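Biologist: Hey, can you walk me through this one? I'd like to start with anything odd in the backbone.
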Amino acid sequence: TLALEGDSTKNCAWVRKKAAKLEQRCFKYDSITKKYAFEHCRETCGRCSCDNKNWMFKGVPKKNCNWVGQKPGVRCGKPGATENCKSACGQPCCKDDPLYLMGDNAKRSCEWLSSNPTTRCPKLNVNNYMCPETCGKCTFN
């Protein structure tokens with residue numbers, strides 16, 4: 001859960017509160033968690049989602065990843081929950097963001113980074129967060 005710089009009022013609701021500031025707030029860096037706001041608020045910021053939108057516990061429509069996220073301490077232990085609801089269960093999400101453009105340059109996407117990741121990924125630290133597969137930051141299985 002986001003509490004930017006320890007301020008509990010600066011959470012995901014705060015990030016989405018002003019549409020005009022959404023992108024700016026999504027890229028706020030939290031020095032406490034060492035993550036960007038979009039890493040905490042993936043849905044709000046429209047970033048990579050590792051949740052299986054079709055998954056339901058025991059086939060019950062109301063028992064989806066949103067349901068798991070309401071009580072993750074209990075529900076992430078249910079069969080299939082952790083694998084299908086990674087963000088709700090606090091599991092690493094490691095997918096390149098298909099919408100990411102470095103500096104809003106239409107030619108500089110994760111695909112562009114992939115042609116020379118050793119040189120290009122370190123240019124901006126955010127590249128490692130937006131293109132983790134390309135930049136070799138997926139160190140888990």
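Modeller: Sure, and keep in mind that this is a predicted model. Let's begin with Glu 5, which is partly exposed, with a relative accessible area of 41%. Glu 5 sits in the segment before H1, and its phi is near 55°, a positive value in a residue other than glycine.

Biologist: Why point out a positive phi?

Modeller: Because most residues other than glycine have a negative phi.

Biologist: Okay, and where is Lys 58, the other residue with phi near 55°?

Modeller: Lys 58 is in the loop between H3 and helix H4 (65–70). Its phi is positive too, and Lys 58 isn't a glycine either. With 72% relative accessibility, Lys 58 counts as exposed.

Biologist: New topic: charges. How far is Asp 30 from the nearest side chain of opposite charge?

Modeller: That side chain is Lys 34, and it is 8.3 Å away. A salt bridge needs the atoms within 4 Å, and Asp 30 has none, although Asp 30 is buried.

Biologist: So what does the side chain of Asp 30 make a polar contact with?

Modeller: The side chain of Thr 33, at 3.1 Å. Asp 30 itself belongs to strand E1 (residues 29–30).

Biologist: And which residues further along the sequence does Asp 30 touch?

Modeller: Leaving out residues up to four places away in sequence, Asp 30 touches Leu 2, Ala 3, Leu 4, Glu 5 and Lys 35. You'll recognise Glu 5, the residue with the positive phi.

Biologist: What about Arg 120, is it buried or exposed?

Modeller: Arg 120 is buried, and it has no salt bridge. Its nearest side chain of opposite charge is Glu 111, 10 Å away. The Arg 120 side chain does make a polar contact of 2.6 Å with the side chain of Ser 115. You'll find Arg 120 in helix H8 (residues 117–120).

Biologist: Let's go to the middle. How many residues are in the largest nonpolar core?

Modeller: There are 19, and the ones with the most contacts inside it are Leu 2, Val 15, Tyr 100 and Cys 131. Helix H1 (12–17), helix H3 (37–40) and helix H7 (110–114) each give two or more residues to this core. H1 gives the most, with three residues.

Biologist: Leu 2 came up with Asp 30 as well. What else does Leu 2 touch?

Modeller: Not counting residues up to four places away in sequence, Leu 2 touches Val 15, Ala 37 and His 40, among others. Cys 12 and Cys 41 are on that list too.

Biologist: How many residues make up the second core?

Modeller: Ten, and that core is separate; it includes Trp 55, Cys 65, Ala 81 and Ala 88.

Biologist: Last thing: how many aromatic pairs are there?

Modeller: Three. One of them is Phe 27 with Tyr 36, edge-to-face, 6.4 Å centre to centre and with 65° between the planes. Phe 27 is partly exposed at 26% relative accessibility, while Tyr 36 is buried, at 12%.

Biologist: And how are the rings of Phe 57 and Trp 67 arranged?

Modeller: They're stacked, 5.8 Å centre to centre, with 15° between the planes. Phe 57 lies in the loop between H3 and H4 and Trp 67 in helix H4, so the pair ties together parts that are ten residues apart in sequence. Phe 57 is buried at 8% relative accessibility, and Trp 67 is buried at 13%.

Biologist: Which residues do ring pairs link into a cluster?

Modeller: Phe 27, Tyr 29 and Tyr 36.

Key:
Residues are numbered from 1 along each chain as its sequence is written. This is a predicted model: local features need pLDDT of at least 70, side-chain atom pairs count only at pLDDT 80 or more; totals for chains, interfaces and linings use all residues. Side-chain values use heavy atoms; hydrogens and water are left out. Helices (H or I, at least four residues) and strands (E, at least two) are DSSP runs, numbered from the N terminus. Buried means under 20% relative accessible area, exposed over 50%, partly exposed in between (1.4 Å probe, protein chains only). Lys and Arg count as positive and Asp and Glu as negative; His and the chain ends are not counted. A polar contact is a pair of N or O atoms within 3.5 Å; within protein, one must be able to donate a hydrogen and the other to accept it, and residues adjacent in sequence count only if both atoms are side-chain atoms. Contact means heavy atoms within 4.5 Å. A nonpolar core is a set of buried Ala, Val, Leu, Ile, Met, Phe, Trp, Tyr and Cys residues joined through side-chain atoms within 4.5 Å. Rings of Phe, Tyr and Trp (its six-membered ring) pair if their centres lie within 6.5 Å; planes under 30 degrees apart count as stacked, over 60 as edge-to-face and the rest as tilted.
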